[in-house]
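Welcome! Here are a few friendly notes to read alongside the model.

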Amino acid sequence: MRSFVATSLAGDRGLDELMAASDAAQAGEVIDLALGDPDLDTDRRVIRAAFEDAECGYTHYAPALGDPELLAAIRTAWREDYAITLAENQMMVTASGCHAMWLLLSAVLDPHDEVVIFAPYFSPYPDQVHLAGGTPVIVDTDPDKGFVPRADALRSAIGKRTKAVIVNTPCNPTGVCLSRDQMQDLVKVCAETETLLIADEIYTAYSFGKPFVPFMALEGSKDCVAAVRSFSKDFCMSGWRLGYVVAPAAIIAAMRQVNESNVFVAPTVSQRAALRALELRADIQARVHETYRNRRAYALERIARIDGLSAPTTEGSLYVFLDIRATGLTASEFTRRMLAEASVSVIPGTAFGQAGEGFVRMALRVGEETLAQVFDRMERIARPQN
């Protein structure tokens, strides 16, 4: 029988493993450290405000680029938090961060244009590029040099068909937080080669060692950077499915055209919730930052006491990228044993590209008491193999 599944989506083992681990965690008595969903609920003040607005009639289409009050709040937040002034035609609200990325790629890519992706990467990136008609070019980063995307590697990967590069900091899955100098070097290459740098800035509240700096704050970024943002992680609003893009005006105009035939406009009630979330951002993000910073500190302390394990790149994000190479197990073997013998669901590093072999991703979406159980069970599995 003829298969109607797109070739680019068939047999993606890494993504299959990721989904299987997540499904297993949700199906039974398993501690779920697979799903990248903060366990903190949306702030009740945000929920009440959205409910009240829905009762007041905010249940119809919003304007195509977004609720005007929300767009104004985004501009205020960027001005107050980063000293960056955004023009009204530089922003578009989207139905999630993933939708934002796909819309952005669809707006800028012609068939077979190339997009550089540093591995390990957020698993949907390659498929999002394929679905937008482009070709992903995977550039592996070195685990022994901190999984840092290097400017010289980017320059070497850029060819005649290269249109963009995706850079994620704080990074899912590695936890790497790029320094300002490392970011500036990437921007310089993009400016010189007329390559769009797509900054996936989903985890701004999860930069634990140093304050988050957006790519748009860097010298030379004005015409070569587009930023993807989401309310899912920073505001614990994953179920509201809301994000936005900040980009040059021509890209935003093209995104609007694409979206006319897709979602049309992001959910209005979710936009009203996001408006209230931005007004309360200092309070909400302080709670998020403290909660996951403390869990990260506890996790790293426990990992340091287990022979065969380390997590040297975990500086930010919601995750620990656990180095298991000394155990002698592959990422898939370690993941399967954690599920079968410890009833803990984690994600093999190979779900994020082959550069993730020898690592597994743990989402810190449970409290320290439950994390203690996880590491107690993990210690038996992590003993180096003879």
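The points below cover an enclosed cavity and then a pair of packed helices.

1. A word before the details: this is a predicted model, and the values in this note are computed from it.

2. Let us begin with the interior. The count comes to 1 cavity of 30 Å³ or more. About 130 Å³ of space lies in the largest cavity.

3. What surrounds that space? The lining of the largest cavity is made up of 18 residues. If you want a place to start looking, F118, P120, P149, N168 and C171 are the ones that lie nearest its centre. Strand 3 (114-119) gives at least two residues to this lining, and strand 5 (162-168) likewise supplies at least two.

4. The chemical make-up of the lining is worth a glance too. Of the residues lining the largest cavity, 14 are nonpolar and 4 are polar, while no charged residues appear there.

5. Now turn to the helices. Helix 3 (residues 68-82) packs with helix 9 (residues 268-279) at an angle of about 30°, and their axes are 9 Å apart. Angles under 35 degrees count as roughly parallel, so helix 3 and helix 9 are roughly parallel to each other. Their crossing is left-handed.

6. Which residues in helix 3 and helix 9 meet? On the helix 3 side they are E69, L70, A73, I74 and A77, and on the helix 9 side Q271, R272, A274, L275 and L278. Sorted by class, this contact of helix 3 with helix 9 has 7 nonpolar residues, 1 polar and 2 charged.

Terms used. Residues numbered from 1 in each chain as written. Predicted model: local features only at pLDDT ≥ 70, side-chain atom pairs only at ≥ 80, totals over all residues. Heavy atoms only, no water. 1 Å grid on protein atoms, 1.4 Å probe; cavity = no way out; pocket = protein on both sides within 12 Å on 5 of 7 lines; lining within 4 Å. Points joined across faces, edges and corners; volume = space filled by probe spheres on them. Helix = DSSP H or I, 4+ residues; strand = E, 2+ residues; numbered from the N terminus. Nonpolar A, V, L, I, M, F, W, Y, C, P; charged D, E, K, R; others polar. Axes fitted to C-alpha atoms, helices over the stretch in contact; angles between N-to-C directions. Parallel < 35°, antiparallel > 145°, perpendicular 65-115°, else oblique. Left-handed = near helix turned anticlockwise from the far one by under 90°. Contact = heavy atoms within 4.5 Å.
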